[in-house]
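User: I would like a close look at a single part of this model, set in the context of what surrounds it.

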Amino acid sequence: MVRLPLSPADVERGRRLGDLLRQARGQRSMLAVALDAGVSPETLRKIETGRIVTPSFPTVASLADVLGLSLDAVWSAVRDDAASAAERLAS
């Protein structure tokens, strides 16, 4: 399977997702959150640092659940920033 290159918007959205998850994790250890979500600590680290910008839906859903975030809130936070950035560029 050939993967299309990621757009700058995809990379930025992934960065915002990582920031959101890191903030929601707060003082909890990365290891504890990852294990509770059923993902590897390395996967969580890569998502939080923006090295995995398009994690799978089940991964995001599991992390959101463990961190007490609704998927609506996650999408809104990631998408709204993108819409705001697009509006700033258009003006």
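How far apart are the end C-alpha atoms of helix 1, and what should its 18 residues span at 1.5 Å a residue?

Analyst: In this predicted model, the end C-alpha atoms of helix 1 are 26 Å apart, and because 18 residues at 1.5 Å a residue should span 26 Å, the two values agree. Helix 1 covers residues 8–25, and just after it Gly26 takes a positive phi of about 55°.

The buried residues of helix 1 are Gly14, Arg16, Leu17, Gly18, Leu20, Leu21 and Arg25. An α-helix has 3.6 residues a turn, so residues three or four places apart point the same way.

Two of these buried residues, Leu17 and Leu21, are also, together with Val33, Leu63 and Val74, the residues that touch the most other members of the 16-residue largest nonpolar core. Helix 1 is one of the elements that give two or more residues to this core, the others being helix 2 (30–37), helix 3 (41–48), helix 4 (57–67) and helix 5 (71–90), while helix 4 gives the most, with 5 residues. Val74 touches Leu17 and Leu20 of the buried set, and also Val60, Ala64 and Leu69.

A further set of contacts to helix 1 comes from Glu48, which lies in helix 3 and is buried, with a relative accessible area of 4%, under the 20% cut-off. Glu48 touches Gly18, Asp19, Leu21, Arg22 and Arg25, as well as Met30. The C-alpha atoms of Glu48 and Arg15 are separated by 7.5 Å, although these residues are 33 apart along the chain.

Definitions and conventions: Residues are numbered from 1 along each chain as its sequence is written. This is a predicted model: local features need pLDDT of at least 70, side-chain atom pairs count only at pLDDT 80 or more; totals for chains, interfaces and linings use all residues. Side-chain values use heavy atoms; hydrogens and water are left out. A nonpolar core is a set of buried Ala, Val, Leu, Ile, Met, Phe, Trp, Tyr and Cys residues joined through side-chain atoms within 4.5 Å. Buried means under 20% relative accessible area, exposed over 50%, partly exposed in between (1.4 Å probe, protein chains only). Contact means heavy atoms within 4.5 Å. The expected span of a helix is 1.5 Å times one less than its number of residues.
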